[in-house]
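Student: I would like to understand how the descriptive terms for a protein structure are justified. May we go through them one at a time?

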Amino acid sequence: MELKGRVAVVTGGTRGVGAGIARAFLAAGAEVVVCARRPPDRPVAADGREAAFTAVDLREPEAVEALFGEVAARHGRLDCLVNNAGGTPYRLLGEGGAERHARVLALNLVAPMTASLAAYPWLRASRGSVVMIGSVSGTRPSPGTAAYGAAKAGLENLARSMAVEWAPEVRVNSLVLGMVRTELSHLHYGDEAGIAAVGATVPLGRLAEPSDVGEAAVFLASDRAGYVSGASLLVHGGGERPAFLDAATVNREN
């Protein structure tokens, strides 16, 4: 219960990775507020405790300001903001105009900035922290999701700059995620055979579970990471095996 008495907001916390993060914070003792445009099919819960839900479109600054005002009024404090909301459809650059790709940037980069700025006064008062949920798509080519990769690259840089500007009152860190198994995995990797095949390409032999991400987020929000700020923690199971190892005709593993 290392986060007992703390209050956390998890954006996009109603399903997938966000719900996994919210459940981990609940299990660690925090009071959790999850937000999204639509309510979850069932409450996000762990250890007999439930996260509160607030409907908000993170692309609307006034609504975001109101969200954090409501959280502060209800709980009297805010200790952690997890900027998790995001995502993208598969779309090659030539298949959509700049305006469509800009929407991806708005959700994955501008919205986390908007939420962080709105949360800042409360986080500063509690000497709290921000956790950005990034992606390996921001560190390597991202064909089919180029705007998403660009946004995640920008998000990681934003976190590092925020960590300097907002120190020492607010710590800011990033989790850089690899592939995570969620209820939408079939859209990216196919059926169970496809998911298993993709998981086999990861050194640890599987996709991450949302709970894996949640535990890492709890660490960054906790006092155990009290001297960690401006950091990017890779949560990718060892990354990707370099393709040349399988293409080379020498030094091959049996």
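Tutor: Let us begin with a definition: a crossing of two helices is right-handed if the near helix is turned clockwise from the far one by less than a right angle, and left-handed if anticlockwise. Please keep in mind that this is a predicted model.

Student: What is the handedness of the crossing of α1 and α7?

Tutor: The crossing of α1 and α7 is right-handed. By the definition, the near helix is therefore turned clockwise from the far one.

Student: Why is α1 called oblique to α7?

Tutor: The axes of α1 (residues 16-27) and α7 (residues 210-221) come within 7 Å and cross at roughly 50°. Angles under 35 degrees count as roughly parallel and 65 to 115 as roughly perpendicular. The angle of roughly 50° fits neither range, so α1 is oblique to α7.

Student: Which residues of α1 and α7 meet?

Tutor: From α1 come G16, V17, G20, I21, A24 and F25, and they meet P210, V213, G214, E215, A217, V218 and A221 of α7. Sorted by class, this contact has nine nonpolar, three polar and one charged residues. Glycine counts as polar and Glu as charged.

Student: What makes α3 roughly parallel to α4?

Tutor: The axes of α3 (residues 98-126) and α4 cross at roughly 20° and come within 8 Å. Roughly 20° is under the cut-off of 35 degrees, so α3 is roughly parallel to α4. The crossing of α3 and α4 is right-handed.

Student: Which residues make the contact of α3 with α4?

Tutor: Those of α3 are H101, V104, L105, N108, L109, P112, M113 and S116, while α4 provides A147, Y148, A150, A151, K152, G154, L155, L158 and M162. The classes are 12 nonpolar, four polar and one charged.

Student: What makes a space a cavity, and how many cavities of 30 Å³ or more does the structure hold?

Tutor: A space is a cavity when a 1.4 Å probe fits there but cannot get out. The structure holds two cavities of 30 Å³ or more. The largest has a volume of about 40 Å³, and the second largest contains about 30 Å³ of space.

Student: Which residues line the largest cavity?

Tutor: Its lining consists of T88, P89, R91, H101, V104, G144, T145, A146, A147 and Y148. Both α3 and α4 supply at least two of the lining residues, and α4 gives the most, with three. By class, the lining has five nonpolar, four polar and one charged residues.

Student: How do you know that the lining of the second largest cavity has no charged residues?

Tutor: The lining is formed by T11, L58, N83, A85, L107, A111 and P112. Only Asp, Glu, Lys and Arg would count as charged. The lining residues therefore divide into five nonpolar, two polar and no charged. The largest share, three residues, comes from α3.

Student: What is notable about the backbone at P168 and at D47?

Tutor: The peptide bond from A167 to P168 is cis, with omega near 5°, and P168 is in the loop between α4 (146-165) and β8 (171-177). D47 has a phi near 55°, a positive value in a residue other than glycine. The loop that holds D47 is between β3 (45-46) and β4 (49-50).

Notes:
Residues numbered from 1 in each chain as written. Predicted model: local features only at pLDDT ≥ 70, side-chain atom pairs only at ≥ 80, totals over all residues. Heavy atoms only, no water. Axes fitted to C-alpha atoms, helices over the stretch in contact; angles between N-to-C directions. Helix = DSSP H or I, 4+ residues; strand = E, 2+ residues; numbered from the N terminus. Parallel < 35°, antiparallel > 145°, perpendicular 65-115°, else oblique. Contact = heavy atoms within 4.5 Å. 1 Å grid on protein atoms, 1.4 Å probe; cavity = no way out; pocket = protein on both sides within 12 Å on 5 of 7 lines; lining within 4 Å. Points joined across faces, edges and corners; volume = space filled by probe spheres on them.
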